[in-house]
Amino acid sequence: TTLNNIGGVYNNIGGYVKALEYYHRCERIQATALGESHPDYASTLNNIAGVYDNQGEYMKALEYYHRCECIQATALGESHPSYANTLNNIATVYLKKGEYVKALEYYHSCERIQATALGESHPDYASTLNNIAGVYDNQGEYMKALEYYHRCECIQATALGESHPDYANTLNNIATVYLKKGEYVKALEYYHSCERIQATALGESHPDYATTLNNIGGVYNNIGGYVKALEYYHRCERIQAT
């Protein structure tokens, strides 16, 4: 456990080589002490995969995530939330690799498990809907993206509240899809809602707030509102300068 904790700290601070050193030491000990079918051993494999993912070594990440998946399927069962979380992690790696069909396959499997194990009002279920929407967005399937983003939005509004940063992030995602569809009025509506929440929840000096201002500036620029565009771009610039 201590080796695993040390590995976790190194991972958090970006010390990936040291993180892997400690996680692999933990893995070797658990393989002998607990056996390679134990849930804690699977959890360490998941941690190792996460470091490789952070390093951009996606094939190694998938190797360890899939090993974790196989163990959890037997040790915990395929209806367990931890198994669903591993499927989510695998899907995310496929998304980063641009393998959208595989990403959707794993995200949808995760979604089905979470719907039963956690319920469709749970924030983690909402997060998976957000991830699915992101894949559809990347594929240019904007109507499907909006369908899943709006489902996520509704759950988060109740489960987290409309002043939560995660809810604001979903509004930002929705706005971006409307922007891509050329629906500028809707894009501004959602970006401004995001802006108001972030101003309170994060503060007006936060990088995410600055990004939202930049996004709003981009919409005004697209519709020829150049004075407003400059206003928001300059506000973004001042925050980023500090």
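**Close-up 1. Gly56, just after helix H3, has a positive phi of about 80°.** The model shown here and in the other views is predicted. Helix H3 covers residues 39-55. For its 17 residues, a rise of 1.5 Å a residue gives an expected span of 24 Å, and the end C-alpha atoms lie 25 Å apart, which agrees.

**Close-up 2. Helix H3 is largely enclosed by the rest of the structure, since 12 of its 17 residues are buried.** The buried set consists of Tyr41, Ala42, Thr44, Leu45, Asn46, Asn47, Ile48, Ala49, Gly50, Val51, Tyr52 and Asp53. These residues pack against four helices: H1 (2-12), H2 (16-33), H4 (58-75) and H5 (81-96).

**Close-up 3. Surroundings of Thr86 in helix H5.** Thr86 has 1% relative accessibility and therefore counts as buried, the cut-off being under 20%. Apart from neighbours within four places in sequence, Thr86 contacts Asn46, Tyr65, Cys68, Glu69 and Gln72. Of these partners, Asn46 is also one of the buried residues of H3.

**Close-up 4. Packing of helix H10 (residues 184-201) with helix H11 (residues 207-222).** The two axes come within 9 Å and cross at roughly 160°. Angles over 145 degrees count as roughly antiparallel, and H10 and H11 are therefore roughly antiparallel to each other. The crossing of H10 past H11 is left-handed.

**Close-up 5. Residues at the contact of H10 with H11.** From H10, the residues involved are Tyr184, Ala187, Leu188, Tyr191, His192, Cys194, Glu195, Gln198 and Ala199. They meet Asp208, Tyr209, Thr212, Leu213, Asn215, Ile216, Val219, Tyr220 and Asn222 of H11. By class, this contact has 11 nonpolar, 5 polar and 2 charged residues.

Definitions and conventions:
Residues numbered from 1 in each chain as written. Predicted model: local features only at pLDDT ≥ 70, side-chain atom pairs only at ≥ 80, totals over all residues. Heavy atoms only, no water. Helix = DSSP H or I, 4+ residues; strand = E, 2+ residues; numbered from the N terminus. Expected span 1.5 Å × (residues − 1). Buried < 20%, exposed > 50% of the residue type's maximum accessible area, 1.4 Å probe, protein only. Contact = heavy atoms within 4.5 Å. Axes fitted to C-alpha atoms, helices over the stretch in contact; angles between N-to-C directions. Parallel < 35°, antiparallel > 145°, perpendicular 65-115°, else oblique. Left-handed = near helix turned anticlockwise from the far one by under 90°. Nonpolar A, V, L, I, M, F, W, Y, C, P; charged D, E, K, R; others polar.
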